[in-house]
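Visitor: I am new to this structure. Please take me through the aromatic pairs, with a little background on the whole protein before you begin.

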Amino acid sequence: AARQSGDQAWLEGARQSLKLAQGAYEAHIRAGFVPGSLAAATSHPGAEAGSVPGSVGASATHLGAESDVAVKEAGVVAFNQLRIEVQAMRQDVGDVMDRLAVLGNLTQTVQYQAMHPDHQTQRSRESQFHFKSALIKYYEAGYCKSARHFVRADDPEQATYIQCAVTGWKLKRNKCIAGHVLPHASAHLAHAFGLSPEGINDVRNGLLCCEHVEELMHPPLRICFLYDILHDNWKFTVLDGQLLVTKIRETNKRFGQCNGKTLKLPDGKSPWKRLLWIHAEQAITAALSAELLSDKKWEEERGRIQSLLTLVFTQRDSDAAVRKWRDGHVHVSSGSEHPN
């Protein structure tokens, strides 16, 4: 996205310079600075055919030579001016690219720190209860048990069983965890991800999972959730091959049985994409560093997620700042801005 912005700025500046150069050339033509042979032929059509007196022909040739010199001199000036302008534009574009690279590095650092908090926060039982109840309501995951059957609970606070989004199992309320995608301990960084500090407890920053799965959502990050763009849903993904044969506590399923399966979520309801993408990018990076993944496709998957994150955060957070800086230094028109 940064490279595209730089290219657009350079292209727009080049177009403006070429327009100026073309205008200067047309001005030369209007002033009579045209090639000598053409000037002679135009002013004295018979000169080349020998139908005009020698003195007149010589004069025409002399005037034509002067015109050639004038055109060449004007061309050199225009070319040098254009070269100076293009060099200035390239320098400005380079400065923009450098600034965006710094912003990108800072973003990567913040994302790492957010997913790897160096401390844990203590939440009150009341706060945890309300967050879990809000998730139960949003994801329609609350149940009560009647005889041998589960009945959906109308009141989330009265639900005694909760459906795990990964396994689909209905677990006792205290065995299903209301997990944060962006950790609660990273509330002080929430603004970097489009959330207020209070937004850390927004329902779209949470998932209801069995305790075993929720533990693995945190460092060393051995699982993630990948977006299936064709079906607009999320796939549970195991990044540590040793987990595939491991039984998931409180269920009769193994991680391998859930690997690649769609999360059990109501249509149109899921955590924010940008948060799950950040979690996935950090998890894949950690797994690659630990040499748990060797297939080249994971490098490609991480690159794809990074591109999506760059698009999301560049458009949302950086466009205004970059546009303000670029308008003051590169002088591009507003017509080159991205419409979205």
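Guide: Start with a term: a contact means heavy atoms within 4.5 Å. In this predicted model, take the contacts with a separation of 6 or more: residues 24 or more positions apart account for 66% of them. The protein has eight helices and eight strands. It counts 340 residues, and 40% of them are buried. The exposed area is about 19,400 Å². Carbon and sulfur atoms supply 54% of that area.

Now to the rings. A pair of aromatic rings is described by the distance of the centres and the angle of the planes. The count here comes to seven aromatic pairs. One of them joins tyrosine 138 and tyrosine 139. Their centres are 4.8 Å apart. Their planes stand at 75 degrees. Planes over 60 degrees apart count as edge-to-face, so this pair is edge-to-face. Are these two tyrosines buried or exposed? Buried means under 20% relative accessible area. Tyrosine 138 has 18%, so it is buried. Tyrosine 139 has 5%, so it is buried too.

Next comes a pair of phenylalanines, 225 and 236. This pair is tilted. The centres lie 6.1 Å apart, with 50 degrees between the planes. The pair links distant parts of the chain. Phenylalanine 225 sits in strand 7, residues 223-228. Phenylalanine 236 sits in strand 8, residues 233-238. The two are 11 residues apart. Both phenylalanine 225 and phenylalanine 236 are buried. They also belong to an aromatic cluster: Phe225, Phe236 and Phe255 form it together.

One more stop takes us back to the tyrosines' helix. Rolling a probe the size of a water molecule over the atoms shows where empty space is left. The second largest pocket has a volume of about 620 Å³. Two elements give two or more residues to its lining: helix 4, residues 125-139, and strand 5, residues 176-180. The lining holds 22 residues. Nearest the centre of the pocket lie Arg123, Gln128, Ile177, Ala178 and His180. By type, the lining divides into nine nonpolar, eight polar and five charged residues.

Note on methods: Residues numbered from 1 in each chain as written. Predicted model: local features only at pLDDT ≥ 70, side-chain atom pairs only at ≥ 80, totals over all residues. Heavy atoms only, no water. Helix = DSSP H or I, 4+ residues; strand = E, 2+ residues; numbered from the N terminus. Buried < 20%, exposed > 50% of the residue type's maximum accessible area, 1.4 Å probe, protein only. Areas by Shrake-Rupley, 256 points an atom, 1.4 Å probe, with all protein chains shown as cover. 1 Å grid on protein atoms, 1.4 Å probe; cavity = no way out; pocket = protein on both sides within 12 Å on 5 of 7 lines; lining within 4 Å. Points joined across faces, edges and corners; volume = space filled by probe spheres on them. Nonpolar A, V, L, I, M, F, W, Y, C, P; charged D, E, K, R; others polar. Phe/Tyr/Trp six-rings, centres within 6.5 Å; stacked < 30°, edge-to-face > 60°.
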